[in-house]
Amino acid sequence: MRERDDRGGAVRLDAARIGAELGERATLLQFSSAFCQPCRATRRTLGEVAAMVEGVAHVEIDAEDHLALVRELAVERTPTVLVLDAAGVLVRRATGQPRKADVIAALGAAVRD
């Protein structure tokens with residue numbers, strides 16, 4: 001998972017923009033599409049990690065239904081996972097199906113930073 005956003009400057013998202021409440025400690029924000037096989041596996045992985053770590057929310061967004069946000073965040077393929085800290089600031093980003101260990105490490109950075 002890459003650190004921050006490649007475009008420079010802090011990216012901050014709130015509940016109104018993602019359509020769900022942020023986690024108390026961190027949020028795993030997943031952009032998916034309907035026929036994406038890796039998206040289903042990513043959903044399971046992120047759901048498991050969110051269930052393991054108290055105060056972490058997993059929010060899944062259908063990329064096709066949120067094109068303005070997809071463009072703003074430069075989401076080029078699904079799945080794309082953004083790790084947000086408690087304030088909704090983007091801390092890590094991954095494209096493709098992440099490994100559980102990488103998600104846990106990224107969460108550690110989000111909770112610590």
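# Links and turns in a predicted model

Pro-79 sits in the loop that runs between α3 (67–72) and β4 (80–85). The model is predicted.

Me: Which residue does a cis peptide bond join to Pro-79?
Reply: Pro-79 is in the loop between α3 and β4. The peptide bond in question is cis, with omega at about -5 degrees. The residue joined to Pro-79 by this bond is Thr-78.

Me: Which residue has a positive phi although it is not a glycine?
Reply: The residue lies in the loop between α3 and β4. Its relative accessible area is 34%, so it counts as partly exposed. Its phi is about 55 degrees, and the residue is Ala-74.

Me: Which residue does a disulfide join to Cys-36?
Reply: A disulfide is a covalent bond between the sulfur atoms of two cysteines. The structure holds one disulfide. The S to S distance is 2.3 Å, and the partner of Cys-36 is Cys-39.

Me: Is the link of Cys-36 and Cys-39 left-handed or right-handed?
Reply: The two residues are joined by a disulfide. The angle about the S-S bond is 85 degrees, and the link is right-handed.

Me: Is Cys-39 buried or exposed?
Reply: Buried means under 20% relative accessible area. Cys-36, at 9% relative accessibility, counts as buried. Cys-39 has 1% relative accessibility, so Cys-39 also counts as buried.

Me: How many salt bridges does the structure hold?
Reply: Side chains of opposite charge can pair when their charged atoms come close. One of the salt bridges here is formed by Arg-99 and Asp-102, with the closest N and O atoms 2.9 Å apart. The number of salt bridges in the structure is four.

Me: Is Arg-99 buried or exposed?
Reply: Its salt-bridge partner Asp-102 is partly exposed, with a relative accessible area of 27%. To count as exposed, a residue needs over 50% relative accessible area. Arg-99 has 55% relative accessibility, so Arg-99 counts as exposed.

Me: How many residues apart in sequence are the parts that Glu-60 and Arg-43 tie together?
Reply: Glu-60 forms a salt bridge with Arg-43, and the closest N and O atoms are 2.6 Å apart. Glu-60 lies in strand β3 (residues 56–62) and Arg-43 in helix α2 (residues 37–52), so the pair ties together parts whose separation in sequence is 17 residues.

Me: In which helix is the salt-bridge partner of Glu-48, Lys-100?
Reply: The side chains of Lys-100 and Glu-48 meet in a salt bridge, 2.8 Å from N to O. This pair links distant parts of the chain, 52 residues apart. Glu-48 is in helix α2, and Lys-100 is in helix α4 (residues 100–112).

Me: What word describes how α2 and α4 lie to each other?
Reply: Two packed helices are described by the angle between their axes and the distance between the axes. The axes of α2 and α4 come within 10 Å and cross at roughly 45 degrees. An angle of this kind falls outside the roughly parallel range, which is under 35 degrees, and the roughly perpendicular range, which is 65 to 115. The two helices are therefore oblique.

Me: Which residues of α4 make the contact with α2?
Reply: The crossing of α2 and α4 is right-handed. On the α2 side, the contact is made by Thr-45, Leu-46, Glu-48, Val-49 and Met-52. On the α4 side, the residues are Lys-100, Val-103, Ile-104 and Leu-107.

How values were computed
Residues are numbered from 1 along each chain as its sequence is written. This is a predicted model: local features need pLDDT of at least 70, side-chain atom pairs count only at pLDDT 80 or more; totals for chains, interfaces and linings use all residues. Side-chain values use heavy atoms; hydrogens and water are left out. A disulfide is a pair of cysteine sulfur atoms within 2.5 Å. Buried means under 20% relative accessible area, exposed over 50%, partly exposed in between (1.4 Å probe, protein chains only). Helices (H or I, at least four residues) and strands (E, at least two) are DSSP runs, numbered from the N terminus. Axes are lines fitted to C-alpha atoms, for helices over the stretch in contact, and angles run from 0 to 180 degrees between N-to-C directions. Angles under 35 degrees count as roughly parallel, over 145 as roughly antiparallel, 65 to 115 as roughly perpendicular and the rest as oblique. A crossing is left-handed if the near helix is turned anticlockwise from the far one by less than a right angle, and right-handed if clockwise. Contact means heavy atoms within 4.5 Å.
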